[in-house]
Amino acid sequence: MTTTWVALASGPVQLTPARSQMGFTLAFHILLVPLGVALPTLMLIANYKGLRHGDAAALSLARRWSHAAGLTFAVGAVTGTVLSFEFGLLWPGFTKTFGDVFGLPFAIEGIAFFLEALLVAIYIYGWRRMKPWTHFWFGFPIPFVAIIGALSIISVNSWMNAPAGFTLDLNGKPTKVNPFNVIFNKALPWELSHFLIAAYMAATFTVASVYVVGWLRGRRDRYHKLGILIPFTIGAILAPIQVTVGDQIARWVYQNQPAKFAAMEVVTKSGTHQPEYLFGRYDPATNTVSGGIKIPGLDSWLAGGSTNTNVTGLASIPPQNRASNVTLTHFAFDIMVLIGTLLVLLALYYAVAYWRRRDVPHGRIFLWVAAAAGVVSYIAIEAGWITTEVGRQPWIVWNIARTSGAVTTAHSVTVTMIVIYVLYAFLGVATIAVLRAMATRWRLKPVIDDDTAPYGPRPDAVGAVESEVDADDGSGAETGAGARSGRRTP
Amino acid sequence: MTAADLVAGVIVIGMTLYAWSGIADFGAGFWDLIAGGKAHGLRARALIDEVITPVWEANHVWLIYILVVTWTAFGGAFGSIMTALFVPLALAAVGIVFRGANFALRKDAARSGARQWSGWLFGIGAIMTPFFLGTSVGAILSGRVPPNGVGNPVNAWVNAVSITVGLLTVALGAFVSAAYLVVECARRGVPELREYFRIRALIAGIAALLCGVAVAIALRVQERSMFNRLTSRSIPLIVLGVLALGAAFVMSGRGVARGLRVVAAVGVAALVWAWAIAQYPYLLPFRLTIADGAGSSTSMKWLLGWFIVALVTVIPMLIVLYTLDQRGHLGEDPMTSVRDVGADASAGRRT
Ligand code: HDD
Ligand code: HEM
Ligand code: HEM
């Protein structure tokens, strides 16, 4: 560890704070992304169920989920903008050399987010007065647009891992750019499928866990039942698929990024019959692993299907090309795999229990674990990204451009890093506080009853606004608000 | 016209749209900040909130679009700008976090104290972001961003031209938003607020005029060649901009709502394009041209292609949103929103 940080410090002084700021802001942004990608699907399922079967509980869920999605979408827009600035502020060397290559997918992203923002606005504000099915169909494209947005961004990251679609000229500048090959690089199918599944798992388990907590506290009505069953079933179906996809990616990394694979699995010396270490610390000075559980031969077997598989070890990789923090990469990978495995067990239990009783499973232990599943999937997402990104070091573009060559030469990175940490701490706390306030507000009235049923009559909007603003004479404002927000009867 | 020129044009279109909408939002944030104490500023704040909340996210996407297209088309210049202007651009981004946090959270904040706080953030962001974005434009326009190397991190933006352009941006944003708000008051039938914003539009208009004169003097003294370009080939646009803004000033002074928004928008657009044309064909005056700074020609065509896709997908959707809104099909869902928290709650009601 010490030597890795010495190695880091020997790069430009801006490198460490810049990486730390980039990693932190990405890790924050990624918390909002699963909700932006997957929550729309959940709300549409609930909306459909509500409309088809006249189910008030399902409709109430859909309305609330869409409201929460609006909030997370907005915070995602803020943190996403910061990321866009950071590409230039922190990594001008990256945009200078490769901007016209990795920017290609981003050109699509802008459109996808724009469309998503517009459709989400129509959907969220359309509950009261649009015709039910019209409203539903306006929401319908949102999950697909979100997938296009995710595709374009993940494409950038997978291109950083598997650069393609250009050739370098003598000055080291890319030429002969081919947008199709850039976007559909070799790593994209794996990264995208793994990430989308991860996003759906995190969002569904998180939403379910909110209602599981309610269930544990004795709120066992149809509203809570649906709030658990709809999302949890999706998550449970995806969990085993995710492990299979993850296994494929690990093999892809083994074949294409041997240095990263060596770091993920702490392979010290090249050879066959590599042991698998569960956790354990790597010492770069002696190239050894201490602690952890050692399972002989398993790593070779996982990589190539037989213990005779040869795996490259860290000793065979020039020191300047090794991952900067092997222990972190390895721990992150193991945490992700551990969580993936546990979630499969949880899903299996749920499947059996549901198949037998057609209800939320009874066991208290199950409920406690299910309540934690959301947070735990998020931890897996963060761990997965740490594996990918830290394991990619020291390259910003795999085997082509070094992170240290891309970092800014501006002087104030440490300052912006601190400012951003403080701001985001505030933003994070505020977001959670607001989401909690929403939940508390809604708990007072779990199912939205008839007199506020959606799709009610449409008052004359302009007239409504005028009378609202008129009613808004300072002192009366506190009481006027309820009426002003669209409902006339209390 | 090469493909690179067209892409540069697309970036200026993005800047124009951002100046119309985004900078105007910030201007409204400025009025929010100085609207006075809690009870006193309640009505003005409620109107500002109600007008901006549904659209700020869409207004804001233009900025992201500008960033993305610039680094894809002109990665070198983008890297140089971001390096030389690290400080002002980082501060602009901080202002954006302030403003975005306000919009995302204020509506649902449970306690009114928290909402008060978030209004403050909005206001501070509303001064920071346009000021520092304007400062950066001033630095680029006065040739202080070298195509290679760092430049002087302080002198690049702490100089008369940069600072006056920053102030002009704040003042213009305040003026334009006050003019827009006069129109909104007319549309929503709230005469007292109309008077309130009418006076503010006049004050901000005078401030903007003074800032504009200051920019001209600073350019004349410090950046003679850019000044000459602005007063020769860009002069029609400068004249158009000044006339249109002058007309908007007179119209808001008389409280005329009809056509006010369009006239103000024309004025702002003319100024943005006057800058762009004065600078042409340079990306970084007078050292890096569009042709020299452009990335691969495939990427240029790609960007233009997606710009067309954006036109045919986003614009119809914007029209749908606008039409649904005008017909009253959209409104805050009362069962999921805060209902008992004072005027701010009405903010997001209409999209
Ligand atoms: C719910 C989340 C989740 C779960 C349960 C798993 N993963 Fe994962 N994993 C991710 C979420 C994730 C991620 C955050 O989405 C990553 C980061 C980059 C990416 O594309 O997906 C990722 C990356 C990632 C990588 C790195 C790819 C690269 O560096 O290019 C590997 C090798 C795996 N995963 C393998 C697995 C295995 C073998 C799992 C199960 C046993 C597993 N993942 C479960
Ligand atoms: C999908 C698009 C993404 C892109 C284009 C991207 C790009 C980058 C860039 C440019 C850096 C700085 C250079 C470097 O240290 O390699 C970086 C670092 C980093 N990124 Fe990513 N990233 C993406 C996704 C993510 C996500 C979603 C996360 C986390 C949740 C993440 C986590 C990190 C971390 C932790 C670092 C710091 C690496 C270190 O310190 O070793 N990245 N990424
Ligand atoms: C794994 C990587 C990422 C994914 C899947 C992702 C996805 C998303 C999604 C779904 C949103 C919409 C807001 C929300 O629903 O929360 C969003 C917002 C945004 N993201 Fe990310 N993002 C990722 C990383 C990045 C990176 C690396 C950048 C840097 C350029 C970025 C830039 C943006 C921007 C600019 C927005 C705001 C768009 C708007 O205003 O609507 N994202 N992102």
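**Figure 1. An aromatic cluster that draws on chain A and chain B.** One aromatic cluster is formed by F87(A), F94(A), F98(A), F102(A), F106(A), W159(A), F166(A), W71(B) and F78(B). The model shown here and in the views that follow is a predicted one. When the whole structure is searched, 42 aromatic pairs are found over all chains. One of them joins F94(A) and F102(A), whose rings are stacked, with 4.2 Å from centre to centre and 5° between the planes. F94(A) counts as buried because its relative accessible area is 2%, a value under the 20% that sets the limit for buried residues. F102(A) is likewise buried, with a relative accessibility of 1%.

**Figure 2. The largest nonpolar core and the residues that touch the most other members.** The largest nonpolar core holds 273 residues, and among these the ones that touch the most other members are W91(A), F94(A), W159(A), F232(A), F74(B), L85(B) and F197(B). The element that gives the most to this core is helix α4 of chain A, which spans residues 92-125 and supplies 19 residues. What does L85(B) contact, once its neighbours within four places in sequence are left aside? The contacts of L85(B) are then with S136(B), A139(B), I140(B), V145(B), A156(B) and W157(B).

**Figure 3. The surroundings of S162(B) in helix α7 of chain B.** S162(B) belongs to helix α7, which covers residues 160-188 of chain B. Is S162(B) buried or exposed? The relative accessible area of S162(B) is 0%, so this serine is buried. Apart from neighbours within four places in sequence, the residues in contact with S162(B) are G134(B), T135(B), G138(B), A139(B), A156(B) and W157(B). A139(B), A156(B) and W157(B), listed here as contacts of S162(B), also appear among the contacts of L85(B).

**Figure 4. The iron atoms of ligand 2 and ligand 3, with their protein donors.** For the iron atom of ligand 2, the only protein donor is E389(A), which contributes an OE atom at 2.0 Å. E389(A) is found in helix α13 of chain A, a helix made of residues 364-392. The iron atom of ligand 3 also has a single donor from the protein, and here the donor is NE2 of H29(A), 2.1 Å away. H29(A) is part of helix α2, which takes in residues 15-53 of chain A.

**Figure 5. Arginines placed over the faces of aromatic rings.** In chain A, R402(A) lies over the face of W395(A), at 4.4 Å from the ring centre. In chain B, R200(B) lies over the face of Y196(B), where the figure is 3.7 Å from the ring centre.

**Figure 6. Chain A and chain B as the setting for the close-up views.** Chain A has 490 residues, of which 59% are buried, and its secondary structure consists of 17 helices and eight strands. Of the contacts in chain A with a separation of 6 or more, 77% are between residues 24 or more positions apart. The exposed area of chain A is about 19600 Å², with 69% of it supplied by carbon and sulfur atoms. Chain B has 351 residues, of which 63% count as buried, and it contains 13 helices and two strands. In chain B, residues 24 or more positions apart make up 79% of the contacts with a separation of 6 or more. Chain B exposes about 12500 Å², and carbon and sulfur atoms account for 72% of that area.

Definitions and conventions:
Residues are numbered from 1 along each chain as its sequence is written. Chains are lettered from A and ligands numbered from 1 in the order in which they are written. This is a predicted model: local features need pLDDT of at least 70, side-chain atom pairs count only at pLDDT 80 or more; totals for chains, interfaces and linings use all residues. Side-chain values use heavy atoms; hydrogens and water are left out. Donors are N, O and S atoms within 2.8 Å of the metal (3.2 Å for Na, K and Ca); water is not among the atoms, so sites may look incomplete. Helices (H or I, at least four residues) and strands (E, at least two) are DSSP runs, numbered from the N terminus. A nonpolar core is a set of buried Ala, Val, Leu, Ile, Met, Phe, Trp, Tyr and Cys residues joined through side-chain atoms within 4.5 Å. Buried means under 20% relative accessible area, exposed over 50%, partly exposed in between (1.4 Å probe, protein chains only). Contact means heavy atoms within 4.5 Å. Rings of Phe, Tyr and Trp (its six-membered ring) pair if their centres lie within 6.5 Å; planes under 30 degrees apart count as stacked, over 60 as edge-to-face and the rest as tilted. A charge sits over a ring if NZ of Lys or CZ of Arg is within 6 Å of the ring centre and within 35 degrees of the ring normal. Accessible areas come from the Shrake-Rupley method with a 1.4 Å probe; for residues, only the protein chains shown count as cover.
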